[in-house]
Amino acid sequence: MAINTHPTLPEFDYFRPETLIEASDFLVHHATDARPFLGGTDVFVRMRDGLLSPKFLVDVKSLPGMNDLRFDPLSGLIIGAAVNMNRVIASSEVQQHYPLLADACRSVASYQLRTRATIIGNICNASPAGDTLGASLAFEGVLHIHGSDGVRRESLTDFFLGPGKTKLKTGDVAFALHLPSPPPGSIGIYLKLGRNKLSDLSIVGVTAFGYPEPAALSGYRFRLILASVAPVPFVAKEAEAYLSNTPITSDSIYAAACLAAEACTPIDDVRGSVRYRKQMVKNLAARALSEIWEKLKK
Ligand SMILES: Cc1cc2nc3c(=O)[nH]c(=O)nc-3n(C[C@H](O)[C@H](O)[C@H](O)COP(=O)(O)OP(=O)(O)OC[C@H]3O[C@@H](n4cnc5c(N)ncnc54)[C@H](O)[C@@H]3O)c2cc1C
């Protein structure tokens with residue numbers, strides 16, 4: 001294939017609706033040729049590369065509520081769809097109550113890119129490598145969506161259907177992400193392995209999250225979510241259940257990491273082989289869980 005040394009964007013029309021109803025109506029009426037966008041860091045790249053050619057780009061950044069970022073100790077955190085990742089990282093409330101989310105955002109590309117990129121764009125893009133999906137799942141995120149039938153909420157637990165595929169329907173505009181207040185005493189960590197330290201998608205990403213839970217046999221509950229090792233963010237359920245039911249020791253942590261590595265289904269691609277990815281899941285999951293455990297048991 002010949003390389004195009006001067007890639008350009010195809011022509012498109014720009015539309016900025018004033019209400020969510022107007023946005024959803026427009027997207028329904030132009031079901032095959034319109035697309036919503038936020039920071040555009042996925043959309044414009046895919047258009048430049050000839051993978052997308054919408055006739056209309058619908059700029060949803062200025063719609064009401066899109067720029068909200070607010071925390072309430074009882075109800076949790078609301079992140080408006082247009083809030084960029086640098087704003088999330090800079091929020092003192094995010095740093096205090098959701099440091100895992102700030103770390104995940106910090107791992108995305110560069111400061112410059114993060115002035116455009118949003119968490120909700122990362123979620124709607126549904127790349128298995130998306131760096132903020134693990135933290136959003138660990139905090140049991142719920143997406144607030146306006147569609148042709150009005151407002152609905154979608155738990156992220158079953159939102160991702162495959163690479164680039166989600167439960168979003170024609171006319172849907174995600175306008176906020178809700179993260180409930182985290183369990184008391186929770187600790188989270190995100191470990192990302194890329195080909196370089198800056199601006200690369202993950203070869204493997206490991207989100208680990210743990211908290212005291214008297215109802216669990218081990219006294220603790222863990223969540224373990226893996227990026228880039230399955231068609232969707234991979235929740236290592238066997239490893240999570242094992243750590244709830246088995247006393248936490250370095251051996252049980254290693255056994256849980258092995259369960260996660262066995263269960264995930266990576267592919268061979270330019271960033272890494274199946275074998276390498278599984279090995280890295282084992283190593284990084286063991287490291288992430290051990291670091292959390294050291295803090296939890298203090
Ligand atoms: C140089 C570079 C480096 C990158 N590095 C990383 C990285 O390290 N980690 C990583 O995870 N990603 C990375 N990305 C990918 C990208 O930056 C992220 O996925 C980003 O979070 C997308 O957010 P956005 O606001 O720009 O989304 P957009 O590009 O605006 O939209 C993304 C997708 O969501 C849809 N969409 C947008 N808004 C809505 C809405 N309100 N409702 C419904 N659907 C909507 C769009 O139609 C599109 O399909 C990189 C991209 C580039 C160009």
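Start by selecting the ligand in this predicted model and showing the residues around it. The shell holds 33 residues, and those that come nearest are Leu38, Thr41, Asp42, Thr118 and Asp131. Colour the shell by residue class: 17 of its members are nonpolar, nine are polar and seven are charged.

Next, look at the oxygen atoms of the ligand. Select Gly40 and display its backbone, where a polar atom sits 2.8 Å from a ligand oxygen. Then move to Thr118, which places a polar side-chain atom 2.6 Å from an oxygen atom of the ligand. Add Asn122 as well; an N or O atom of its side chain is 2.9 Å from a ligand oxygen. Now switch on the surface of the protein. The ligand on its own would expose 990 Å², and the protein buries 89% of that area.

Which elements each supply at least two residues of the shell around the ligand? Select strand E2 (34-37), helix H2 (43-48), helix H7 (119-125) and strand E10 (173-179) to see them. Highlight H7 separately, since this helix gives the most to the shell, with four residues.

Leave the ligand and select two helices, H10 (residues 250-263) and H11 (residues 274-296). Two packed helices are described by the angle between their axes and the distance between those axes. Here the angle is about 145° and the axes of H10 and H11 are 8 Å apart. The crossing of H10 and H11 is right-handed.

Show side chains where the two helices meet. On the H10 side, pick Ile253, Tyr254, Ala256, Ala257, Cys258, Ala260, Ala261 and Glu262. Their counterparts in H11 are Lys278, Val281, Lys282, Ala285, Ala286, Leu289, Ser290 and Trp293. Taken by class, the residues of this contact between H10 and H11 are twelve nonpolar, one polar and three charged.

The last stop is Gly219. Find this residue in the loop that runs between strand E12 (204-212) and strand E13 (220-227). Which residues does Gly219 touch, leaving out those up to four places away in sequence? Select Tyr211, Pro212, Glu213 and Pro214 to display these contacts of Gly219. To finish, draw a distance line from the C-alpha atom of Gly219 to that of Val142. The two residues lie 77 residues apart along the chain, and their C-alpha atoms are separated by 27 Å.

Methods: Residues numbered from 1 in each chain as written. Predicted model: local features only at pLDDT ≥ 70, side-chain atom pairs only at ≥ 80, totals over all residues. Heavy atoms only, no water. Axes fitted to C-alpha atoms, helices over the stretch in contact; angles between N-to-C directions. Left-handed = near helix turned anticlockwise from the far one by under 90°. Contact = heavy atoms within 4.5 Å. Nonpolar A, V, L, I, M, F, W, Y, C, P; charged D, E, K, R; others polar. Near = heavy atom within 4 Å. Polar contact = N/O pair within 3.5 Å; in protein donor to acceptor, adjacent residues only side chain to side chain. Areas by Shrake-Rupley, 256 points an atom, 1.4 Å probe, with all protein chains shown as cover.
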